[in-house]
Amino acid sequence: KITATSFEIKDGDTVFGSFGATTKIGDASNEHVEINTSTIDVKDGVTTHASFGATTTIGPSTDRVTITSAGVVIREGNVDKIELSDASVKVGNQSAEHIIIDEDGLNVKDGATSLAQFGSTVRVGPDANSKSRVEISSGAVNIINKDSSGDENNNSDFLGTLNGSGL
């Protein structure tokens, strides 16, 4: 069938190909490929299983891989689990426990709270008020307590002193 806007290939009432502004190959009510000015989509009826364009997605909205010019995101269970970009790699649910690897090293986080940092200086424990942490640098190992107002007390620097007195 030829119309003013498309050319269709039919078998009875079923259209198996439609060529126009949007091209469909296959039965549009079932599995088919749809091509328009911005994407090529693999579909099952109205459900898009993969879309290839400036943003490419493979899989449904809850479990998918998304590829853009900014990077790659892998989503599982409706949560972004892995993000790859020019600046970093993020693994895990960013609102819960996760890690970030970037030019500063590896950061272990629980939501927005950094629990440990492994880079030129190693820190285990959050750098936060009312918390303690251990820091290891090229010149020292320090156990640091931070009080509720943010003042730090270096309890031990492992360089011959403990709480300001000799060992």
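This is a short guided tour of the structure, stop by stop, with residues to select along the way.

The model is predicted, so local features need pLDDT of at least 70 and side-chain atom pairs count only at pLDDT 80 or more, while totals for chains, interfaces and linings use all residues. Residues are numbered from 1 along each chain as its sequence is written, and side-chain values use heavy atoms, with hydrogens and water left out.

**Stop one: two rings**

Start by selecting Phe7 and Phe19. A search of the whole structure finds one aromatic pair, where rings of Phe, Tyr and Trp (its six-membered ring) pair if their centres lie within 6.5 Å; planes under 30 degrees apart count as stacked, over 60 as edge-to-face and the rest as tilted. Why is the pair of Phe7 and Phe19 called tilted? The ring centres of Phe7 and Phe19 are 6.2 Å apart and the planes sit at 35°, so the pair is tilted.

Now colour by strand. Phe7 belongs to strand β1 (residues 7-11) and Phe19 to strand β2 (residues 14-19), so the pair ties together parts that are twelve residues apart in sequence. Strands here (E, at least two residues) are DSSP runs, numbered from the N terminus. Turn on the surface and you will find Phe7 partly exposed, at a relative accessible area of 39%, and Phe19 partly exposed too, at 35%. Buried means under 20% relative accessible area, exposed over 50%, and partly exposed in between (1.4 Å probe, protein chains only).

**Stop two: strand β4 and its neighbours**

Next, select strand β4 (residues 31-35) and show its side chains, which alternate. His32 and Glu34 point to one face and are buried, while Glu31, Val33 and Ile35 point to the other and are not.

Add strand β3 (residues 23-25), which pairs with β4 in the antiparallel sense over three bridges; two strands pair if DSSP finds at least two bridges between them. Look for Thr23, whose bridge partner in β4 is Ile35. The hairpin of β3 and β4 has five residues between the strands, and in it Gly26 takes a positive phi near 110°.

On to strand β5 (residues 40-44), which pairs with β4 in the antiparallel sense over five bridges. These two strands, β4 and β5, form a hairpin with four residues between them. Within this pairing, His32 stands opposite Lys43 in β5. Keep Lys43 selected: a salt bridge joins Lys43 to Glu34, with the closest N and O atoms 3.6 Å apart. Are Glu34 and Lys43 buried or exposed? Both are buried.

**Stop three: a network of charges**

Side chains of opposite charge can pair when their charged atoms come close. A salt bridge is a side-chain nitrogen of Lys or Arg within 4 Å of a carboxyl oxygen of Asp or Glu, and by this rule the count comes to eight.

Select Asp127 and Lys146, whose side chains meet in a salt bridge (2.8 Å, N to O). Asp127 lies in the loop between β15 (122-124) and β16 (131-136) and Lys146 in strand β17 (residues 141-146), so the pair ties together parts that are 19 residues apart in sequence. Asp127 is partly exposed at 42% relative accessibility, whereas Lys146 is buried at 15%.

Then select Arg133 and Glu135, which form a salt bridge with closest N and O atoms 2.7 Å apart; both residues are buried. Salt bridges that share partners join Asp127, Arg133, Glu135, Lys146 and Glu152 into one network.

**Last stop: Asn145**

Finish at Asn145 in strand β17, a partly exposed residue with a relative accessible area of 24%. Draw a distance from Asn145 to Asn129: these residues are 16 apart in sequence and 8.5 Å apart in space, C-alpha to C-alpha.
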